[in-house]
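Thank you for making time for this today. I would like to go through one model with you, beginning with the chain as a whole and then turning to a sheet and to two places in the backbone.

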Amino acid sequence: MSRRNWILALAVLISFSGSAQEHDALKVAAAADLQPALPAIIQEFEQQTHERVEASYASSATLATQILNGGPFGLFLSADLSFPQKIVAAGLADSAEPIPYARGTLVLWARNDSPVQPLSIDSLRSPSLRTLAVANAEHAPYGRAAAAAIEKLGLADSLKGKLVVAENIAQTAQYADSGNADAGLISLTSALTPRLSSDGKYIAMPEDSYPPLLQGAVVIKQSPEAKDAHQFLAFLLSPPIRKQLAERGLKAP
């Protein structure tokens, strides 16, 4: 083989290897509340299995829409059960119902220099509270939980003009942490991050003030990475990883 042909053959082989590697990566559609917790778990999974995982974080509604429109995901980790149920109803999941993998917690968080400190549930009634960050109730399960809690506590009228609406729960935490809102109704996963733990304080919202945030998963039936998706989901449900999730703000379902 001439040197020129050898170089061309090597280039084709490298290109093919790169394409195969990219194809082999498990693509996970992950709800935004998982962003503080999932990367370390993915890293541990990759070290143990030598399989690659690529996670995309967004609101559960946005991810569900992408999957329904043919998005190239192998696994959907939602922040509730209703959005993965839509994937089941469309015939795109390989299970008859979503598989619960965690339960989220809604908290009230504010910066240390916020006018509503020290925090309590009554902070939501305080005249000092000018703005409250919440996630979009149509797109984000934590946004629905926040709306339910506000209604349950009889605060809908008093807070109506104070709400700063974010696209997802990660953005909600950013609004509160940046000072664009005096406080935020955010996920415990966000509140427990090193940055927010240093910048502010949180209190858990009463559990009876919002529906349980049961988080469900579905494997995408036609995905070429379906086998890897099942392997990763089993890893996520294993006792050691459930313990890690609990430490990062996600209880067992």
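**Surface, sheet and two backbone details**

The accessible surface of the protein chain comes to about 12,100 Å², and carbon and sulfur atoms account for 54% of that area. Please keep in mind throughout that what you see is a predicted model.

Staying with the chain as a whole, its C-alpha trace spans about 80 × 40 × 35 Å along the principal axes, and buried residues make up 46% of the 253 residues. If we take the contacts between residues at least 6 apart in sequence, 77% of them join residues at least 24 apart. As for charge, there are 21 positive and 24 negative charges in the protein chain, and the mean positions of the two sets are 2 Å apart.

In terms of secondary structure, the protein chain contains 11 helices and 10 strands, and I would like to spend most of my time on one sheet. In what order do the five strands of this open sheet run? The order is 7-6-8-5-9, and the pairing within the sheet is mixed. At the edges we find strand 7, residues 163-166, and strand 9, residues 200-204, each of which pairs on one side only. From one strand to the next, the twist averages 30 degrees.

Looking at the strand 7 edge in detail, strand 6, which covers residues 132-135, pairs with strand 7 in the parallel sense over four bridges, and within that pairing valine 134 has valine 165 of strand 7 as its bridge partner. Helix 7, residues 169-178, packs on the sheet and touches strand 5 (106-111), strand 6, strand 7 and strand 8 (183-187), while its direction makes about 150 degrees with that of strand 8.

Let me now turn to the backbone. Between strand 5 and strand 6 there is a loop that holds proline 118, and the peptide bond leading from glutamine 117 to proline 118 is cis, with omega near 0 degrees.

The second place is histidine 50, in the loop between helix 2 (38-49) and strand 2 (53-58). Although histidine 50 is not a glycine, it has a positive phi of about 65 degrees. Is histidine 50 buried or exposed? Its relative accessibility is 70%, and because the cut-off for exposed is over 50%, histidine 50 counts as exposed.

Definitions and conventions:
Residues numbered from 1 in each chain as written. Predicted model: local features only at pLDDT ≥ 70, side-chain atom pairs only at ≥ 80, totals over all residues. Heavy atoms only, no water. Pairing = 2+ DSSP bridges. Helix = DSSP H or I, 4+ residues; strand = E, 2+ residues; numbered from the N terminus. Axes fitted to C-alpha atoms, helices over the stretch in contact; angles between N-to-C directions. Contact = heavy atoms within 4.5 Å. Buried < 20%, exposed > 50% of the residue type's maximum accessible area, 1.4 Å probe, protein only. Areas by Shrake-Rupley, 256 points an atom, 1.4 Å probe, with all protein chains shown as cover. Lys, Arg positive; Asp, Glu negative; His and termini not counted. Charge placed at Lys NZ, Arg CZ, Asp CG, Glu CD.
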